[in-house]
Amino acid sequence: MDFNVKKLASDAGVFFSRAMQFTEEKLGQAEKTELDAHFENLLARADSTKNWTEKILRQTEVLLQPNPSARVEEFLYEKLDRKVPSRVTNGELLAQYMTEAANDFGPGTPYGKTLIKVGETQRRLGAAERDFIHSASINFLTPLRNFLEGDWRTISKERRILQNCRLDLDACKARLKKAKAAEAKAAAEHELRLTQTEFDRQAEVTRLLLEGISSTHVNHLRCLHEFVESQTNYYAQCYQYMLDLQKQLGSSKGEIFSGTFVGNTESSSPPPAATSPPAVGAATLPAVPTIPVVPTIVGVPNTVAESVLNPNEVKPPASGTRKARVLYDYEAADSSELALLADEMITVYSLPGMDPDWLIGERGNQKGKVPVTYLELLS
């Protein structure tokens with residue numbers, strides 16, 4: 001291998017001259033060519049843009065992928081220019097477990113049915129999360145990375161060249177001051193003109209790149225709007241999925257618990273002959289009837305049962321009434337329940353011993369049982 005000794009010696013001399021000039025400036029023993037205020041502001045703005053872009057990029061990556069091991073894996077695949085393998089989201093994994101559990105417990109059981117419903121919603125949430133991550137990576141993270149790995153590297157390179165040109169210029173100024181002979185002064189002046197021209201040219205190149213930071217801000221602003229839009233769509237999807245799931249569970253919850261309650265009470269109730277006399281006697285007592293106890297009365301004449309279940313005879317307590325907003329439409333199953341319309345306001349209260357999943361609702365002169373899951377208690 002051939003070495004250009006003269007070039008190596010020249011480069012070493014330039015490096016030594018710059019190092020000495022830089023050291024003398026730090027020690028206050030040499031003058032330094034100062035850049036104008038506008039140029040310094042451009043430099044400070046560029047540094048601030050770089051620093052905040054790095055922080056926003058890193059934190060967005062953490063937001064989209066909280067697992068540090070997964071982030072390292074994605075980084076390695078990206079550097080190796082290989083496709084990142086598809087990864088199952090946490091919601092999709094939870095959906096898989098719930099579906100398998102439902103099949104094990106029995107998809108026809110109340111618990112199995114609910115697991116399937118919740119699992120399907122989790123799967124949809126996981127798919128929405130995957131779409132959001134993909135959209136945010138393309139529309140937001142990629143432009144930030146492109147700036148740091150492209151434009152900023154170019155700016156940094158030209159800034160280093162400008163710094164070297166400035167050091168050479170100041171070194172030439174110092175040699176001109178020290179020159180005594182006319183020939184040495186002429187040579188120093190010629191060298192100074194050349195280095196001044198080179199410095200001015202490099203300063204103009206660097207200035208143009210720094211002024212391009214404004215265009216970078218405009219581009220990042222557009223990307224930020226797209227990121228917010230994709231995030232808004234993602235959370236709107238999640239809200240809608242959960243709202244649909246809540247409606248499904250709310251419509252089936254009353255049936256599940258009502259069926260379980262009636263089944264248990266009927267199996268544990270004494271024979272009709274043994275329960276009829278006490279029940280008839282109880283109907284004549286002045287005590288306020290409690291609706292949840294009614295299903296336990298088996299074999300009672302219809303007239304007595306209807307008198308106990310009649311909501312119009314139920315009086316609200318002296319205190320404890322609350323206002324509630326109806327979340328969804330509800331169709332009354334029988335005369336003891338109150339039909340509901342979404343977004344209407346009603347008065348509700350509970351009675352001693354009452355099933356916590358139900359309340360007594362009042363709308364004008366109408367009264368009846370209402371499911372708690374269909375209400376938003378306000379006061």
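**Exercise 1. Decide whether C165 and C238 are buried or exposed, and find how many disulfides the structure has.**

Step 1. C165 has a relative accessible area of 9% and is therefore buried, where buried means under 20% relative accessible area and exposed over 50%, with partly exposed in between (1.4 Å probe, protein chains only).

Step 2. C238, at 14% relative accessibility, also counts as buried.

Step 3. A disulfide is taken as a pair of cysteine sulfur atoms within 2.5 Å, and a search of the whole structure finds zero of them.

The model is predicted, so local features need pLDDT of at least 70 and side-chain atom pairs count only at pLDDT 80 or more, while totals for chains, interfaces and linings use all residues. Residues are numbered from 1 along each chain as its sequence is written, and side-chain values use heavy atoms, with hydrogens and water left out.

**Exercise 2. Work out which way α5 runs relative to α4 and to α6.**

Step 1. Helix α4 (residues 90-105) packs against helix α5 (residues 110-178) at an angle of about 165°, with the axes 7 Å apart; helices here are DSSP runs of H or I with at least four residues, numbered from the N terminus, and axes are lines fitted to C-alpha atoms over the stretch in contact, with angles from 0 to 180 degrees between N-to-C directions.

Step 2. Because angles over 145 degrees count as roughly antiparallel, α4 and α5 are roughly antiparallel to each other.

Step 3. The axes of α5 and helix α6 (residues 182-211) come within 8 Å and cross at roughly 160°, which makes α5 roughly antiparallel to α6.

Methods
Helices (H or I, at least four residues) and strands (E, at least two) are DSSP runs, numbered from the N terminus. Angles under 35 degrees count as roughly parallel, over 145 as roughly antiparallel, 65 to 115 as roughly perpendicular and the rest as oblique.
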